[in-house]
Amino acid sequence: MSETIETSSEIITLTIDGQEIQAAAGQTILQAAQKNGIYIPTLCALHATKENGLESDIAPGTCRICTVKVNGRTMAACTTPVAQGFVVENDTEELNDLRKTIVELLFVEGNHFCPSCEKSGSCDLQALAYRYQMLSPRFRYAFSSREVNAESPKLLFDRNRCILCRRCVLAIRTEDGKQLFGFTKRGDKSGIIMDEELVKNISEEQAQQAMHICPVGAIIRKEKGFDTPFGQRKYDQNPIGSETVCTTCNGEKS
Amino acid sequence: MKKPIIATASLAGCFGCHMSFLDIDERILDLVELVHWGKSPINDIKTFEQDCDIALIEGGCCNDEHIHTLRDFRKHCRILVAVGECAIMGGLPAMRNNIPIQECLEEAYLNTPSTAQANPERILPNDAELPALLDKVYPCHEIVKMDYFLPGCPPRADLIYGALTALVTGQKAKLPYEVIKFD
Ligand code: SF4
Ligand code: SF4
Ligand code: SF4
Ligand code: FES
(Lines give C-alpha, C1' and ligand atoms only; values in the text may rest on other atoms or scores of the structure.)
(Ligands and ions follow the chains in the order given, each with its own letter.)
Protein backbone atom coordinates (compact mmCIF):
# COMPACT_ATOMS: atom_id res chain seq x y z
CA MET A 1 0.00 0.00 0.00
CA SER A 2 1.74 3.19 -1.11
CA GLU A 3 1.03 6.41 0.72
CA THR A 4 3.36 8.77 -1.07
CA ILE A 5 4.50 8.04 -4.54
CA GLU A 6 7.98 8.30 -6.06
CA THR A 7 8.45 8.45 -9.81
CA SER A 8 11.45 8.01 -12.09
CA SER A 9 12.15 9.03 -15.68
CA GLU A 10 11.74 5.61 -17.33
CA ILE A 11 8.83 5.77 -19.78
CA ILE A 12 6.15 3.11 -19.73
CA THR A 13 3.46 2.52 -22.35
CA LEU A 14 0.04 1.16 -21.41
CA THR A 15 -3.54 1.38 -22.61
CA ILE A 16 -6.59 2.57 -20.71
CA ASP A 17 -9.92 1.73 -22.36
CA GLY A 18 -8.02 1.15 -25.59
CA GLN A 19 -6.26 4.52 -25.55
CA GLU A 20 -2.47 4.24 -25.58
CA ILE A 21 -0.79 6.47 -23.01
CA GLN A 22 2.69 6.97 -21.61
CA ALA A 23 3.62 7.19 -17.98
CA ALA A 24 6.72 7.44 -15.85
CA ALA A 25 7.84 4.34 -14.00
CA GLY A 26 6.68 4.49 -10.38
CA GLN A 27 3.53 6.43 -11.24
CA THR A 28 0.28 4.74 -10.33
CA ILE A 29 -2.37 3.94 -12.93
CA LEU A 30 -4.43 6.75 -11.40
CA GLN A 31 -1.63 9.29 -11.76
CA ALA A 32 -0.97 8.21 -15.33
CA ALA A 33 -4.67 8.49 -16.13
CA GLN A 34 -4.98 11.94 -14.51
CA LYS A 35 -1.95 13.18 -16.40
CA ASN A 36 -3.65 12.12 -19.63
CA GLY A 37 -7.02 13.63 -18.80
CA ILE A 38 -8.71 10.26 -18.21
CA TYR A 39 -11.12 10.17 -15.28
CA ILE A 40 -10.90 7.39 -12.71
CA PRO A 41 -13.11 8.07 -9.67
CA THR A 42 -11.42 8.49 -6.28
CA LEU A 43 -12.55 8.99 -2.71
CA CYS A 44 -9.50 8.25 -0.58
CA ALA A 45 -6.72 9.14 -3.03
CA LEU A 46 -5.99 12.84 -3.37
CA HIS A 47 -3.90 14.70 -5.92
CA ALA A 48 -1.65 17.37 -4.37
CA THR A 49 -2.72 20.90 -5.31
CA LYS A 50 -2.07 24.39 -4.01
CA GLU A 51 -5.65 24.47 -2.76
CA ASN A 52 -5.40 21.40 -0.54
CA GLY A 53 -1.88 22.23 0.60
CA LEU A 54 -0.51 18.71 0.02
CA GLU A 55 3.13 18.33 -0.94
CA SER A 56 2.64 14.98 -2.68
CA ASP A 57 -0.28 12.83 -3.79
CA ILE A 58 -1.75 10.49 -1.19
CA ALA A 59 -3.35 7.10 -1.82
CA PRO A 60 -4.42 5.27 1.34
CA GLY A 61 -6.12 2.62 -0.80
CA THR A 62 -9.07 2.32 1.56
CA CYS A 63 -12.15 2.96 -0.56
CA ARG A 64 -11.69 0.90 -3.77
CA ILE A 65 -13.84 3.25 -5.82
CA CYS A 66 -10.92 3.50 -8.28
CA THR A 67 -11.11 -0.22 -9.06
CA VAL A 68 -10.02 -0.94 -12.64
CA LYS A 69 -9.25 -4.17 -14.45
CA VAL A 70 -5.59 -4.68 -15.23
CA ASN A 71 -4.99 -7.46 -17.74
CA GLY A 72 -8.35 -8.85 -16.62
CA ARG A 73 -7.79 -8.67 -12.84
CA THR A 74 -9.43 -6.08 -10.59
CA MET A 75 -6.95 -3.71 -8.93
CA ALA A 76 -7.02 -0.35 -7.18
CA ALA A 77 -5.79 2.21 -9.72
CA CYS A 78 -4.45 4.50 -7.00
CA THR A 79 -2.09 1.92 -5.48
CA THR A 80 -1.04 -0.09 -8.53
CA PRO A 81 2.13 1.17 -10.26
CA VAL A 82 2.11 1.20 -14.04
CA ALA A 83 4.00 -1.51 -15.91
CA GLN A 84 4.91 -1.97 -19.54
CA GLY A 85 2.03 -3.17 -21.69
CA PHE A 86 -0.70 -3.01 -19.03
CA VAL A 87 -4.17 -3.25 -20.57
CA VAL A 88 -6.45 -1.31 -18.26
CA GLU A 89 -10.25 -1.29 -18.39
CA ASN A 90 -11.78 1.69 -16.63
CA ASP A 91 -14.96 3.27 -17.96
CA THR A 92 -16.94 0.08 -18.53
CA GLU A 93 -20.49 -0.81 -17.57
CA GLU A 94 -19.29 -3.59 -15.28
CA LEU A 95 -16.80 -1.43 -13.38
CA ASN A 96 -19.13 1.54 -13.13
CA ASP A 97 -21.81 -0.70 -11.64
CA LEU A 98 -19.25 -2.01 -9.16
CA ARG A 99 -18.39 1.58 -8.25
CA LYS A 100 -22.05 2.42 -7.85
CA THR A 101 -22.35 -0.53 -5.47
CA ILE A 102 -19.47 0.81 -3.37
CA VAL A 103 -21.19 4.19 -3.20
CA GLU A 104 -24.45 2.53 -2.15
CA LEU A 105 -22.69 0.55 0.57
CA LEU A 106 -21.10 3.73 1.92
CA PHE A 107 -24.50 5.42 1.97
CA VAL A 108 -26.23 2.68 3.97
CA GLU A 109 -23.28 2.09 6.25
CA GLY A 110 -23.13 5.64 7.61
CA ASN A 111 -25.97 8.07 8.20
CA HIS A 112 -26.05 10.38 5.21
CA PHE A 113 -28.83 12.91 5.59
CA CYS A 114 -27.76 15.13 2.72
CA PRO A 115 -30.45 17.81 3.20
CA SER A 116 -28.96 18.63 6.61
CA CYS A 117 -25.30 18.35 5.61
CA GLU A 118 -23.18 21.44 5.08
CA LYS A 119 -21.00 19.64 2.55
CA SER A 120 -23.99 18.85 0.35
CA GLY A 121 -23.33 20.05 -3.19
CA SER A 122 -19.57 19.84 -2.68
CA CYS A 123 -19.33 16.29 -1.34
CA ASP A 124 -17.41 13.71 -3.36
CA LEU A 125 -19.50 10.76 -2.17
CA GLN A 126 -22.76 12.48 -3.09
CA ALA A 127 -21.28 13.60 -6.39
CA LEU A 128 -20.33 10.01 -7.22
CA ALA A 129 -23.89 8.95 -6.39
CA TYR A 130 -25.08 11.57 -8.90
CA ARG A 131 -22.54 10.46 -11.47
CA TYR A 132 -23.60 6.83 -11.26
CA GLN A 133 -27.29 7.78 -10.95
CA MET A 134 -27.95 6.19 -7.57
CA LEU A 135 -31.64 6.91 -7.03
CA SER A 136 -31.74 4.71 -3.95
CA PRO A 137 -29.22 2.26 -2.46
CA ARG A 138 -30.02 -1.43 -3.08
CA PHE A 139 -29.15 -2.33 0.52
CA ARG A 140 -30.79 -1.88 3.88
CA TYR A 141 -29.80 1.23 5.84
CA ALA A 142 -27.79 0.26 8.88
CA PHE A 143 -28.68 3.42 10.84
CA SER A 144 -25.47 2.82 12.80
CA SER A 145 -25.04 4.77 15.98
CA ARG A 146 -22.17 7.26 15.57
CA GLU A 147 -21.02 10.13 17.72
CA VAL A 148 -20.74 13.78 16.82
CA ASN A 149 -18.01 15.88 18.42
CA ALA A 150 -18.81 19.59 18.43
CA GLU A 151 -16.49 20.61 21.27
CA SER A 152 -13.85 22.34 19.21
CA PRO A 153 -14.42 26.05 18.49
CA LYS A 154 -13.46 25.72 14.84
CA LEU A 155 -14.34 22.19 13.70
CA LEU A 156 -17.38 19.95 13.86
CA PHE A 157 -16.55 16.27 13.59
CA ASP A 158 -19.54 14.18 12.51
CA ARG A 159 -18.77 10.47 12.44
CA ASN A 160 -22.16 9.73 10.86
CA ARG A 161 -20.69 10.88 7.57
CA CYS A 162 -17.18 9.49 7.90
CA ILE A 163 -16.31 6.92 5.24
CA LEU A 164 -13.04 5.93 6.94
CA CYS A 165 -10.98 6.98 3.94
CA ARG A 166 -8.00 7.99 6.13
CA ARG A 167 -7.27 11.16 4.18
CA CYS A 168 -7.41 13.23 7.36
CA VAL A 169 -5.03 10.88 9.16
CA LEU A 170 -2.42 11.18 6.41
CA ALA A 171 -2.84 14.76 5.37
CA ILE A 172 -3.95 16.97 8.26
CA ARG A 173 -1.09 18.02 10.54
CA THR A 174 -0.21 20.87 12.82
CA GLU A 175 2.57 23.20 11.70
CA ASP A 176 5.09 21.17 13.67
CA GLY A 177 3.91 17.95 12.02
CA LYS A 178 1.62 16.45 14.67
CA GLN A 179 -1.38 14.42 13.48
CA LEU A 180 -4.79 15.88 14.32
CA PHE A 181 -6.67 12.72 13.39
CA GLY A 182 -5.90 9.09 14.02
CA PHE A 183 -7.30 5.66 13.26
CA THR A 184 -8.68 3.43 15.99
CA LYS A 185 -9.87 -0.19 16.32
CA ARG A 186 -10.47 -2.70 13.54
CA GLY A 187 -13.16 -4.22 11.34
CA ASP A 188 -16.66 -2.89 11.89
CA LYS A 189 -15.42 -1.10 15.03
CA SER A 190 -12.90 1.05 13.11
CA GLY A 191 -13.20 4.75 13.53
CA ILE A 192 -11.43 8.05 13.40
CA ILE A 193 -10.47 9.88 16.54
CA MET A 194 -9.68 13.55 16.77
CA ASP A 195 -7.04 15.04 19.05
CA GLU A 196 -9.27 17.49 20.89
CA GLU A 197 -6.39 19.38 22.49
CA LEU A 198 -4.58 19.99 19.21
CA VAL A 199 -7.77 20.75 17.28
CA LYS A 200 -8.69 23.42 19.84
CA ASN A 201 -5.77 25.56 18.71
CA ILE A 202 -5.81 25.26 14.95
CA SER A 203 -5.94 28.34 12.73
CA GLU A 204 -8.79 29.34 10.41
CA GLU A 205 -6.66 28.24 7.44
CA GLN A 206 -6.02 24.83 8.93
CA ALA A 207 -9.70 24.38 9.68
CA GLN A 208 -10.51 25.28 6.10
CA GLN A 209 -7.86 22.86 4.82
CA ALA A 210 -9.23 20.06 7.02
CA MET A 211 -12.74 20.55 5.65
CA HIS A 212 -11.31 20.61 2.15
CA ILE A 213 -9.32 17.41 2.57
CA CYS A 214 -12.24 15.37 3.94
CA PRO A 215 -14.10 14.13 0.83
CA VAL A 216 -17.43 14.10 2.68
CA GLY A 217 -19.08 16.20 5.38
CA ALA A 218 -17.43 14.53 8.38
CA ILE A 219 -15.07 17.45 9.06
CA ILE A 220 -16.98 20.70 8.91
CA ARG A 221 -15.56 24.15 9.57
CA LYS A 222 -17.83 25.86 12.05
CA GLU A 223 -19.76 29.02 11.18
CA LYS A 224 -18.99 28.61 7.50
CA GLY A 225 -21.75 26.29 6.39
CA PHE A 226 -24.08 26.90 3.48
CA ASP A 227 -22.06 29.95 2.40
CA THR A 228 -22.21 29.08 -1.31
CA PRO A 229 -25.70 29.45 -2.77
CA PHE A 230 -27.48 26.40 -4.22
CA GLY A 231 -26.71 26.11 -7.90
CA GLN A 232 -23.15 27.39 -7.45
CA ARG A 233 -21.71 24.62 -5.33
CA LYS A 234 -18.91 22.44 -6.63
CA TYR A 235 -21.01 19.70 -8.22
CA ASP A 236 -24.27 21.56 -8.89
CA GLN A 237 -23.76 22.04 -12.62
CA ASN A 238 -21.31 19.41 -13.74
CA PRO A 239 -20.68 15.85 -12.59
CA ILE A 240 -17.59 14.94 -10.60
CA GLY A 241 -14.80 14.08 -13.02
CA SER A 242 -15.94 16.38 -15.79
CA GLU A 243 -13.11 18.75 -14.96
CA THR A 244 -10.44 16.02 -15.18
CA VAL A 245 -7.40 17.74 -16.50
CA CYS A 246 -4.21 17.44 -14.54
CA THR A 247 -3.66 20.58 -12.48
CA THR A 248 0.11 20.48 -12.82
CA CYS A 249 0.19 19.98 -16.59
CA ASN A 250 -3.06 21.89 -17.29
CA GLY A 251 -4.37 19.16 -19.50
CA GLU A 252 -1.39 19.00 -21.85
CA LYS A 253 -1.03 15.38 -22.80
CA SER A 254 2.36 14.01 -21.93
CA MET B 1 -56.97 4.00 -23.96
CA LYS B 2 -58.27 4.52 -20.45
CA LYS B 3 -56.54 7.34 -18.61
CA PRO B 4 -54.31 6.11 -15.78
CA ILE B 5 -55.36 7.02 -12.24
CA ILE B 6 -52.87 8.70 -9.91
CA ALA B 7 -52.98 8.61 -6.11
CA THR B 8 -50.66 10.27 -3.60
CA ALA B 9 -49.96 9.94 0.12
CA SER B 10 -47.92 11.79 2.73
CA LEU B 11 -46.59 9.56 5.53
CA ALA B 12 -43.78 10.77 7.83
CA GLY B 13 -43.01 13.78 5.65
CA CYS B 14 -43.43 17.54 5.78
CA PHE B 15 -45.62 17.92 2.66
CA GLY B 16 -42.66 19.57 0.97
CA CYS B 17 -42.66 16.86 -1.68
CA HIS B 18 -46.32 17.48 -2.44
CA MET B 19 -45.56 21.21 -2.63
CA SER B 20 -42.76 20.50 -5.08
CA PHE B 21 -45.18 18.47 -7.15
CA LEU B 22 -47.50 21.50 -7.30
CA ASP B 23 -44.44 23.47 -8.41
CA ILE B 24 -44.89 21.95 -11.88
CA ASP B 25 -47.14 25.03 -12.22
CA GLU B 26 -49.26 25.26 -15.36
CA ARG B 27 -47.98 21.91 -16.57
CA ILE B 28 -50.58 20.49 -14.19
CA LEU B 29 -53.09 21.30 -16.95
CA ASP B 30 -51.19 19.00 -19.33
CA LEU B 31 -51.25 16.34 -16.66
CA VAL B 32 -55.00 16.69 -16.24
CA GLU B 33 -55.30 15.78 -19.94
CA LEU B 34 -53.29 12.62 -19.35
CA VAL B 35 -54.55 11.26 -16.02
CA HIS B 36 -57.43 10.93 -13.60
CA TRP B 37 -56.96 11.62 -9.92
CA GLY B 38 -57.65 9.09 -7.19
CA LYS B 39 -57.13 9.30 -3.45
CA SER B 40 -54.82 12.18 -2.58
CA PRO B 41 -54.46 14.99 -0.03
CA ILE B 42 -54.48 17.36 -3.03
CA ASN B 43 -58.15 16.66 -3.83
CA ASP B 44 -58.97 15.40 -0.32
CA ILE B 45 -60.38 12.08 -1.60
CA LYS B 46 -59.90 9.81 1.39
CA THR B 47 -60.69 6.32 0.12
CA PHE B 48 -59.77 4.14 -2.82
CA GLU B 49 -62.96 4.18 -4.89
CA GLN B 50 -61.13 2.08 -7.47
CA ASP B 51 -57.63 0.68 -7.90
CA CYS B 52 -55.01 3.16 -9.10
CA ASP B 53 -52.17 2.88 -11.60
CA ILE B 54 -49.52 5.07 -10.05
CA ALA B 55 -49.06 6.26 -6.47
CA LEU B 56 -46.59 8.87 -5.31
CA ILE B 57 -45.55 8.27 -1.69
CA GLU B 58 -43.99 11.06 0.34
CA GLY B 59 -42.42 10.27 3.71
CA GLY B 60 -41.23 7.14 5.47
CA CYS B 61 -43.00 5.17 8.21
CA CYS B 62 -42.73 6.40 11.78
CA ASN B 63 -45.95 4.96 13.24
CA ASP B 64 -48.30 2.00 12.76
CA GLU B 65 -50.81 4.03 10.78
CA HIS B 66 -48.14 4.80 8.16
CA ILE B 67 -47.46 1.09 7.78
CA HIS B 68 -51.15 0.39 7.38
CA THR B 69 -51.56 3.18 4.78
CA LEU B 70 -48.50 2.10 2.83
CA ARG B 71 -49.65 -1.54 2.68
CA ASP B 72 -53.08 -0.35 1.56
CA PHE B 73 -51.48 1.65 -1.25
CA ARG B 74 -49.45 -1.38 -2.28
CA LYS B 75 -52.64 -3.40 -2.45
CA HIS B 76 -54.55 -0.86 -4.53
CA CYS B 77 -51.88 0.64 -6.79
CA ARG B 78 -49.94 -0.93 -9.63
CA ILE B 79 -46.82 1.24 -9.38
CA LEU B 80 -45.49 2.81 -6.17
CA VAL B 81 -43.04 5.68 -6.45
CA ALA B 82 -41.01 6.73 -3.39
CA VAL B 83 -40.82 10.52 -3.65
CA GLY B 84 -38.14 12.35 -1.66
CA GLU B 85 -35.45 11.53 0.89
CA CYS B 86 -37.97 10.75 3.65
CA ALA B 87 -39.65 8.02 1.60
CA ILE B 88 -36.32 6.69 0.34
CA MET B 89 -34.23 6.71 3.50
CA GLY B 90 -36.36 8.02 6.33
CA GLY B 91 -34.96 11.51 5.81
CA LEU B 92 -35.01 14.06 8.61
CA PRO B 93 -37.48 12.08 10.78
CA ALA B 94 -35.02 9.16 10.71
CA MET B 95 -32.45 11.33 12.46
CA ARG B 96 -34.18 10.06 15.60
CA ASN B 97 -33.22 6.48 14.79
CA ASN B 98 -30.31 6.47 17.19
CA ILE B 99 -32.11 8.22 20.02
CA PRO B 100 -34.29 6.10 22.37
CA ILE B 101 -38.01 6.87 21.89
CA GLN B 102 -38.43 7.71 25.56
CA GLU B 103 -35.77 10.39 25.24
CA CYS B 104 -37.38 11.83 22.08
CA LEU B 105 -40.78 12.09 23.75
CA GLU B 106 -39.39 13.59 26.94
CA GLU B 107 -37.41 16.13 24.97
CA ALA B 108 -40.45 17.15 22.92
CA TYR B 109 -43.12 17.19 25.62
CA LEU B 110 -41.31 17.78 28.90
CA ASN B 111 -37.98 19.51 28.42
CA THR B 112 -38.17 22.16 25.72
CA PRO B 113 -38.54 25.79 26.82
CA SER B 114 -42.11 25.88 25.46
CA THR B 115 -43.28 22.64 27.10
CA ALA B 116 -41.42 22.61 30.43
CA GLN B 117 -43.80 25.19 31.95
CA ALA B 118 -46.91 24.30 29.95
CA ASN B 119 -47.03 20.65 30.98
CA PRO B 120 -46.81 20.71 34.80
CA GLU B 121 -48.27 17.21 35.14
CA ARG B 122 -45.61 15.94 32.78
CA ILE B 123 -48.02 14.07 30.53
CA LEU B 124 -46.78 12.27 27.45
CA PRO B 125 -49.40 11.83 24.68
CA ASN B 126 -51.13 8.53 25.44
CA ASP B 127 -54.59 8.61 23.86
CA ALA B 128 -55.68 5.28 22.38
CA GLU B 129 -56.69 7.12 19.18
CA LEU B 130 -53.11 8.17 18.50
CA PRO B 131 -51.04 5.96 16.21
CA ALA B 132 -48.30 4.06 18.03
CA LEU B 133 -44.76 5.22 17.35
CA LEU B 134 -42.42 2.66 15.79
CA ASP B 135 -39.03 1.88 17.30
CA LYS B 136 -37.40 3.48 14.26
CA VAL B 137 -38.39 5.47 11.20
CA TYR B 138 -38.38 3.09 8.22
CA PRO B 139 -37.85 3.89 4.55
CA CYS B 140 -40.84 2.76 2.45
CA HIS B 141 -39.00 0.00 0.60
CA GLU B 142 -38.27 -1.74 3.90
CA ILE B 143 -42.03 -2.13 4.46
CA VAL B 144 -43.39 -2.88 0.96
CA LYS B 145 -41.86 -3.24 -2.49
CA MET B 146 -41.37 0.16 -4.13
CA ASP B 147 -41.04 0.38 -7.90
CA TYR B 148 -39.31 3.73 -8.48
CA PHE B 149 -37.35 6.28 -6.45
CA LEU B 150 -37.17 10.03 -6.99
CA PRO B 151 -34.52 11.51 -4.71
CA GLY B 152 -34.37 15.06 -3.36
CA CYS B 153 -35.60 17.05 -0.41
CA PRO B 154 -37.87 17.73 -2.09
CA PRO B 155 -37.25 16.27 -5.55
CA ARG B 156 -37.15 19.03 -8.19
CA ALA B 157 -40.57 19.67 -9.76
CA ASP B 158 -38.98 18.91 -13.13
CA LEU B 159 -37.93 15.48 -11.91
CA ILE B 160 -41.42 14.64 -10.62
CA TYR B 161 -43.06 15.92 -13.78
CA GLY B 162 -40.58 14.17 -16.08
CA ALA B 163 -40.87 10.85 -14.27
CA LEU B 164 -44.66 10.99 -14.08
CA THR B 165 -45.21 11.87 -17.74
CA ALA B 166 -42.72 9.16 -18.73
CA LEU B 167 -44.67 6.65 -16.65
CA VAL B 168 -48.08 7.55 -18.04
CA THR B 169 -46.89 7.77 -21.65
CA GLY B 170 -44.83 4.60 -21.37
CA GLN B 171 -41.54 6.31 -22.18
CA LYS B 172 -38.20 6.16 -20.48
CA ALA B 173 -37.76 8.99 -17.94
CA LYS B 174 -35.10 11.53 -18.87
CA LEU B 175 -32.89 12.22 -15.90
CA PRO B 176 -30.74 15.27 -16.67
CA TYR B 177 -27.89 15.89 -14.22
CA GLU B 178 -29.36 19.08 -12.73
CA VAL B 179 -32.64 17.50 -11.63
CA ILE B 180 -31.24 14.65 -9.55
CA LYS B 181 -30.08 16.10 -6.26
CA PHE B 182 -30.36 14.75 -2.75
CA ASP B 183 -31.04 18.14 -1.13
S1 SF4 C 1 -21.30 13.66 3.60
FE2 SF4 C 1 -22.02 13.82 1.49
S3 SF4 C 1 -23.28 12.03 1.21
FE4 SF4 C 1 -23.01 12.29 3.40
S5 SF4 C 1 -24.72 13.53 4.10
FE6 SF4 C 1 -23.10 14.96 3.59
S7 SF4 C 1 -23.49 15.51 1.46
FE8 SF4 C 1 -24.65 13.67 1.86
S1 SF4 D 1 -13.06 12.20 8.71
FE2 SF4 D 1 -13.22 12.58 6.51
S3 SF4 D 1 -11.09 12.45 5.83
FE4 SF4 D 1 -11.15 11.51 7.82
S5 SF4 D 1 -11.46 9.34 7.42
FE6 SF4 D 1 -13.47 10.22 7.76
S7 SF4 D 1 -14.18 10.72 5.74
FE8 SF4 D 1 -12.00 10.41 5.55
S1 SF4 E 1 -38.09 14.67 1.51
FE2 SF4 E 1 -37.85 16.74 2.31
S3 SF4 E 1 -39.52 17.86 1.36
FE4 SF4 E 1 -40.03 15.68 1.14
S5 SF4 E 1 -41.26 15.18 2.93
FE6 SF4 E 1 -39.15 14.76 3.47
S7 SF4 E 1 -38.41 16.62 4.47
FE8 SF4 E 1 -40.28 17.15 3.36
S1 FES F 1 -9.18 5.99 -4.57
FE2 FES F 1 -8.14 4.13 -4.88
S3 FES F 1 -8.70 2.93 -3.18
FE4 FES F 1 -9.60 4.86 -2.80
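Helices (H or I, at least four residues) and strands (E, at least two) are DSSP runs, numbered from the N terminus. Keep that handy for the exercises below. The model is predicted, so local features need pLDDT of at least 70 and side-chain atom pairs count only at pLDDT 80 or more, while totals for chains, interfaces and linings use all residues. Residues are numbered from 1 along each chain as its sequence is written, chains are lettered from A and ligands numbered from 1 in the order in which they are written, and side-chain values use heavy atoms, with hydrogens and water left out.

**Exercise 1. Sketch chain B**

Task: Work out which pattern of helices and strands chain B follows along the sequence.

Step 1. Start with the totals: chain B has seven helices and seven strands.

Step 2. Now walk along the sequence, and you get β-α-α-β-β-β-α-β-α-α-α-β-β-α.

Step 3. Add the dimensions: the C-alpha trace of chain B spans about 60 × 35 × 30 Å along its principal axes.

Step 4. Check what is covered. Of the 183 residues in chain B, 46% count as buried (buried means under 20% relative accessible area, exposed over 50%, partly exposed in between, with a 1.4 Å probe and protein chains only).

**Exercise 2. Look around the ligands**

Task: Find which residues surround ligand 3, and sort the shells around ligands 1, 2 and 3 by class.

Step 1. Use the cut-off: a residue is near a molecule or strand if one of its heavy atoms lies within 4 Å of it.

Step 2. Around ligand 3 you'll find Gly13(B), Cys14(B), Gly16(B), Cys17(B), Glu58(B), Gly84(B), Glu85(B), Cys86(B), Gly152(B), Cys153(B) and Pro154(B). Helices α1 (16-22) and α4 (85-89) of chain B each supply at least two residues of that shell.

Step 3. Sort by class: Ala, Val, Leu, Ile, Met, Phe, Trp, Tyr, Cys and Pro count as nonpolar, Asp, Glu, Lys and Arg as charged, and the others, Gly among them, as polar. The ligand 3 shell then has five nonpolar, four polar and two charged residues.

Step 4. Do likewise for the other two. Ligand 1 has seven nonpolar, four polar and one charged residues around it, and ligand 2 has twelve nonpolar, no polar and two charged. Of the 14 residues around ligand 2, Cys162(A), Cys165(A), Arg166(A), Cys168(A) and Cys214(A) come nearest.

**Exercise 3. Explore where the chains meet**

Task: Describe the contact between chain A and chain B, and say which three residues supply 30% of the area that chain A buries there.

Step 1. Count the residues: 30 come from chain A and 24 from chain B (contact means heavy atoms within 4.5 Å).

Step 2. Get the area. The two chains bury about 2,400 Å² between them, 63% of it on carbon and sulfur atoms; buried area is the accessible area (1.4 Å probe) that two parts lose on being put together, summed over both.

Step 3. Name the big contributors: Tyr130(A), Leu135(A) and Phe143(A) supply 30% of the area that chain A buries against chain B, more than any other three residues.

Step 4. Zoom in on α3(A). Seven of its eight residues are buried, among them Leu125(A) and Tyr130(A). These buried residues pack against α2 (93-109) and α4 (167-171) of chain A.

**Exercise 4. Follow the charges**

Task: Trace which residues the salt bridges join into one network with Asp183(B).

Step 1. Recall the background: side chains of opposite charge can pair when their charged atoms come close. Here a salt bridge is a side-chain nitrogen of Lys or Arg within 4 Å of a carboxyl oxygen of Asp or Glu.

Step 2. Cross the interface: Asp183(B) meets Arg233(A) at 2.8 Å, N to O.

Step 3. Stay in chain B: Asp183(B) also pairs with Arg156(B) at 4.0 Å, N to O. Arg156(B) sits in the loop between β7 (148-150) and α7 (157-169), and Asp183(B) in the segment after α7, 27 residues apart.

Step 4. Check exposure. Arg156(B) is partly exposed, with a relative accessible area of 27%, whereas Asp183(B) is buried, at 7%.

Step 5. Put it together: salt bridges that share partners join Arg233(A), Asp236(A), Arg156(B) and Asp183(B) into one network.
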